[in-house]
Amino acid sequence: MRGVSRPIIMGVLNVTPDSFSDGGQFNDTALAIRHGLELAAAGAAIIDVGGESTRPGAAQVDAATEQQRVLPVIRGLRAAAPNAVLSVDTTRASTARAAVAAGARIVNDVSGGLADPDMLRTIAELRCEYVCQHWRAPSAVMGDYATYKDPVAEVRSELQQRLAAAVATGIAVERIIIDPGLGFAKARQHDWAIVGSLAAFTDLGCRVLIGASRKRFLSQPGDTPPERDLATAAISLLAAVAGVWAVRVHNPTLTVKVFDCGLIADDAGVV
Ligand code: PMM
């Protein structure tokens with residue numbers, strides 16, 4: 001009998017002054033590159049570079065600012081860690097295009113193509129890997145959209161619609177990775193419902209990624225985001241058991257530890 005496959009680890013590298021999880025600590029190209037290398041050394045096969053905070057209530061930055069933040073880091077990591085697969089966390093087609101030219105192989109779009117009408121067409125043309133996440137509204141207002149009768153069924157069906165739109169635009173289904181978007185237009189009980197039903201997403205026939213790391217649904221009164229790393233690692237193990245392809249985490253070390261308890265190597269490769 002086959003064991004449980006080991007998901008790939010995507011390490012989070014936020015190059016923003018207002019990231020909720022690292023407090024803007026890596027808002028400097030050299031520091032960000034160094035942290036990217038640390039994430040890779042700690043077990044992240046993919047480094048996800050983002051230049052715009054998606055924390056609840058966060059304001060958007062303009063495309064030029066976003067690109068000034070992420071492009072030098074992608075170029076630097078491309079040179080310093082040629083084996084790391086680089087991903088860009090952006091909802092903008094122009095940033096996706098520039099990041100792929102700079103060396104990113106994955107575009108991680110938390111809006112599933114809804115924020116920028118040019119995104120799906122651009123991805124089809126770039127022929128890169130595409131993370132299509134469940135999304136309802138920009139971060140500044142997403143809390144107003146966290147209403148569900150059946151969160152798992154609704155998120156699944158809305159994701160299916162985005163998947164169909166992506167395929168209809170010419171993105172090969174093999175290049176698409178779906179993500180239920182924990183914390184995006186979701187209250188704590190919605191996130192937990194999704195975590196408890198991950199098989200509803202792995203059943204859709206695409207690779208699945210989840211990003212539970214340090215999110216509010218894992219919080220305890222008065223804690224700090226890094227204090228949620230243990231709970232994050234526990235979710236990584238649940239994700240593995242459900243057949244999730246990759247987990248997006250700030251602290252790969254603890255996730256590697258839980259995976260080392262007996263999970264078999266993933267034979268699917270990264271991308
Ligand atoms: N969460 C955040 C940002 N990007 N991308 C994907 N695919 N999935 C997520 O859940 C996700 C994401 C927000 O959290 P951060 O501030 O830790 O980056």
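Me: What makes alanine 185 count as buried?

Reply: Happy to start there. In this predicted model, alanine 185 has 1% relative accessibility. Buried means under 20%, so alanine 185 counts as buried. Alanine 185 sits in the loop between strand S6 (176-179) and H6.

Me: What is notable about the phi of alanine 185?

Reply: Phi of alanine 185 is near 55°, a positive value in a residue other than glycine. Most residues other than glycine have a negative phi.

Me: Where does arginine 127 lie, and why is arginine 127 called exposed or buried?

Reply: Arginine 127 lies in the loop between H4 and strand S5 (129-133). Its relative accessibility is 59%. The cut-off for exposed is over 50%, so arginine 127 counts as exposed. Arginine 127 also has a positive phi, about 55°, although it is not a glycine.

Me: Why is H8 called oblique to H9?

Reply: Good one. The axes of helix H8 (residues 229-241) and helix H9 (residues 252-259) come within 9 Å and cross at roughly 45°. Angles under 35 degrees count as roughly parallel, and 65 to 115 as roughly perpendicular. The crossing angle of roughly 45° is in neither range, so H8 is oblique to H9. The crossing in which H8 passes H9 is right-handed.

Me: Which residues make that contact between H8 and H9?

Reply: From H8 come Asp229, Leu230, Ala233, Ser236, Leu237 and Ala240, and from H9 come Leu254, Thr255, Val258 and Phe259. Sorted by class, the contact has 7 nonpolar, 2 polar and 1 charged residues.

Me: What makes H3 roughly parallel to H4?

Reply: H3 packs against helix H4 (residues 119-126) at an angle of about 20°, with the axes 9 Å apart. Angles under 35 degrees count as roughly parallel, so H3 is described as roughly parallel to H4. Their crossing is right-handed. On the H3 side, Ala93, Ala96, Arg97 and Val100 meet Met119, Thr122, Glu125 and Leu126 of H4. By class, this contact has 5 nonpolar, 1 polar and 2 charged residues.

Me: How do you know that valine 249 is buried?

Reply: Valine 249 has 2% relative accessibility. The limit for buried is under 20%, so valine 249 counts as buried. You will find valine 249 in strand S8 (residues 246-249). Leaving aside neighbours within four places in sequence, valine 249 is in contact with Ile9, Met10, Gly11, Val12, Ser213, Thr232, Ser236 and Thr255. Valine 12 is 237 residues apart from valine 249 along the chain, and their C-alpha atoms are separated by 5.8 Å.

Me: And why does valine 195 count as buried?

Reply: At 7% relative accessibility, valine 195 meets the under 20% rule and so counts as buried. Valine 195 is in helix H6 (residues 188-195). Not counting residues up to four places away in sequence, valine 195 touches Leu182, Phe217, Ile235 and Leu238.

Me: How does the length of helix H2 compare with the expected span?

Reply: Helix H2 (residues 63-80) has 18 residues and reaches 25 Å from its first C-alpha to its last, close to the 26 Å expected at 1.5 Å a residue.

Me: Which residues of H2 are buried, and what covers them?

Reply: Glu66, Gln67, Arg69, Val70, Leu71, Val73, Ile74, Gly76 and Leu77 are buried in H2. Their cover includes strand S1 (8-14), helix H1 (29-41), strand S2 (46-50), strand S3 (85-89) and helix H3 (93-102).

Conventions
Residues numbered from 1 in each chain as written. Predicted model: local features only at pLDDT ≥ 70, side-chain atom pairs only at ≥ 80, totals over all residues. Heavy atoms only, no water. Axes fitted to C-alpha atoms, helices over the stretch in contact; angles between N-to-C directions. Helix = DSSP H or I, 4+ residues; strand = E, 2+ residues; numbered from the N terminus. Parallel < 35°, antiparallel > 145°, perpendicular 65-115°, else oblique. Left-handed = near helix turned anticlockwise from the far one by under 90°. Contact = heavy atoms within 4.5 Å. Nonpolar A, V, L, I, M, F, W, Y, C, P; charged D, E, K, R; others polar. Expected span 1.5 Å × (residues − 1). Buried < 20%, exposed > 50% of the residue type's maximum accessible area, 1.4 Å probe, protein only.
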